There are 2 protein chains.
Amino acid sequence: MDAYEFIKDAIIEGKFVPGMRLAEESLAKEMNLSRTPIREAIKQLEAEGLVIPLKRGVSVRHFTKEDIRQIYDLRTLLEGYAASQAAIHRTEDDLLKMEKANVLYEEAINRNVESDMDSLKDIVEVNQKFHEAIVAASNNEHIHFHISKVVVVPIVFRSFYWYNSFQLKQSLEVHKTILEAIKSRESERARIAMHEHIYQGRDHVLKHLEQIKNIHLLKEEGK
Amino acid sequence: MDAYEFIKDAIIEGKFVPGMRLAEESLAKEMNLSRTPIREAIKQLEAEGLVIPLKRGVSVRHFTKEDIRQIYDLRTLLEGYAASQAAIHRTEDDLLKMEKANVLYEEAINRNVESDMDSLKDIVEVNQKFHEAIVAASNNEHIHFHISKVVVVPIVFRSFYWYNSFQLKQSLEVHKTILEAIKSRESERARIAMHEHIYQGRDHVLKHLEQIKNIHLLKEEGK
DNA sequence: ATTTAAGCGTTTGTATACAATAAGTCAATT
DNA sequence: AATTGACTTATTGTATACAAACGCTTAAAT
């Protein structure tokens, strides 16, 4: 694995406390590299907004609840647009991929009756596949670039998500609605369903943020 | 000026032929630096999508007409949203900044009766200030990050733009409509006016792209 | 006791050297 | 004449060394 993936994953997994300086030498030692490739990885993360430049070096970025709110607004906008465009431009092949992802999604949910953490991870992953299939069908290659950067932030909190089986089934229903709309080329219905879907996710994340014990991941506003 | 700005400007100004490899050593020599800061600048440009990674090193990215079309779609979406949110959240201070930028815009346009290139540059710059004031008032700090990356690409072609005074006055009218809508908190009207405004810009760029002689800036689709 | 200044240590920013790989050239063989 | 293979050159990727800047600790003075 290269330095960029390593550091990014560590941030996403919450292994670095937000606000913490990233010391190049210790990172380099940890992954048996020199500082040069580390610095390049950090520059990349800086351009993506996951780390913040200081006078010297960088620190891991804080994300506040307000950030989450704003980022989800953007994600809703972008993915809603992607869904509406997918309804217009999707090919049969695009449709096949979405349907396949959604079948896997349904299976993963049904496997999840015990609600263990591993199967939850599967669900999140397959869900992502479905969303990617829609973006891929949207006929706008640039949108993927922006969505990927907007999607990263909530993932920071992924390990704290918790869904009950009712929520998961509800989410599956919305997936099906989106899929139907894209299939029958109802672009506005696809957009609205996607909006609903993502806002559900946002509300869920924000609600559960309150309950997070490992509060180190959050810098509250005004501190 | 640092290496990042230097290379980025050179790409935007069209000094590097798209597809061309960026040789680190020659860039380093040109700006009296070592390769280290050059590499970091390039990594940043890579993350922004202005250069494309090769097996080894990077090349300046091609932008096709289809890219322009897609990017303007995204810009319309994002700035339309920013305008609608600005109508909801703008403060008196935000409003003042927009009005000021727009006064400067009007003045710059009236100065442009001779349609020379320098004053055109002024107009483009003041126009940008107006757009930035709206984004700043949108109450979403993350949106600025994405818009700035989406706005860069058309700038690559800026030196080829040509506006006649009729188009400029029309554009001023739309600005005023947007401003009014934001002032009177009509969010949907602000969004629609912004859509119209940016799509006008897109049509204009696409139309004039046909006439560009220095075709080296364009890689046509399928070549 | 508190505040300020100085010095030391740590960490970054830049330069450079070296090794590895890709690309280009030239020659030889079919 | 064309294609393939080997060799040579150029350029990248990584490591390391050195200098400058920042921050922290300690001591001194008010």
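Mentor: A polar contact is a pair of N or O atoms within 3.5 Å; within protein, one atom must be able to donate a hydrogen and the other to accept it, and residues adjacent in sequence count only if both atoms are side-chain atoms. The model is a predicted one, in which local features need pLDDT of at least 70 and side-chain atom pairs count only at pLDDT 80 or more, while totals for chains, interfaces and linings use all residues. Residues are numbered from 1 along each chain as its sequence is written, chains are lettered from A and ligands numbered from 1 in the order in which they are written, and side-chain values use heavy atoms, with hydrogens and water left out.

Trainee: What makes B:Thr36 a polar contact of DNA strand C?

Mentor: A polar side-chain atom of B:Thr36 is 2.8 Å from a base nitrogen of DNA strand C, and this distance is within 3.5 Å, so the pair counts as a polar contact. A:Arg56 meets the rule too, because one of its polar side-chain atoms lies 2.6 Å from a base oxygen of the strand.

Trainee: Which residues are the closest to DNA strand C, and how many surround the strand?

Mentor: The strand is surrounded by 14 residues, the closest being A:Arg35, A:Arg39, A:Arg56, B:Ser34 and B:Thr36, where near means that a heavy atom of the residue lies within 4 Å. Of the strand atoms that come within 4 Å of the protein, 57% belong to sugar and phosphate.

Trainee: Why is the pair of B:Glu40 and A:Arg39 called a salt bridge?

Mentor: A salt bridge needs a side-chain nitrogen of Lys or Arg within 4 Å of a carboxyl oxygen of Asp or Glu. Here the N to O distance is 2.4 Å, so the pair qualifies. B:Glu40 belongs to helix α3 of chain B and A:Arg39 to helix α3 of chain A, so the pair joins two chains; helices here are DSSP runs (H or I, at least four residues), numbered from the N terminus.

Trainee: Is B:Glu40 buried or exposed?

Mentor: Buried means under 20% relative accessible area, exposed means over 50%, and partly exposed lies in between (1.4 Å probe, protein chains only). B:Glu40 has 10%, so it counts as buried, whereas A:Arg39 has 30% and therefore counts as partly exposed.

Trainee: What makes the pair of A:Arg90 and A:Glu92 a salt bridge?

Mentor: Their N and O atoms are 3.7 Å apart, which is within the 4 Å limit, so the pair is a salt bridge. A:Arg90, at 7%, counts as buried, and A:Glu92, at 55%, counts as exposed. In chain B, B:Arg90 and B:Glu92 also form a salt bridge, with the closest N and O atoms 3.7 Å apart.

Trainee: How do you know how much area chain B and chain A bury between them?

Mentor: Buried area is the accessible area (1.4 Å probe) that two parts lose on being put together, summed over both. For chain B and chain A the value is about 2,600 Å², with 62% of it on carbon and sulfur atoms. B:Glu40, B:Leu77 and B:His142 supply 24% of the area that chain B buries against chain A, more than any other three residues.

Trainee: How many residues does the contact take from chain B and from chain A?

Mentor: With contact meaning heavy atoms within 4.5 Å, chain B gives 26 residues and chain A gives 26 residues. The rule also finds four salt bridges across this interface.
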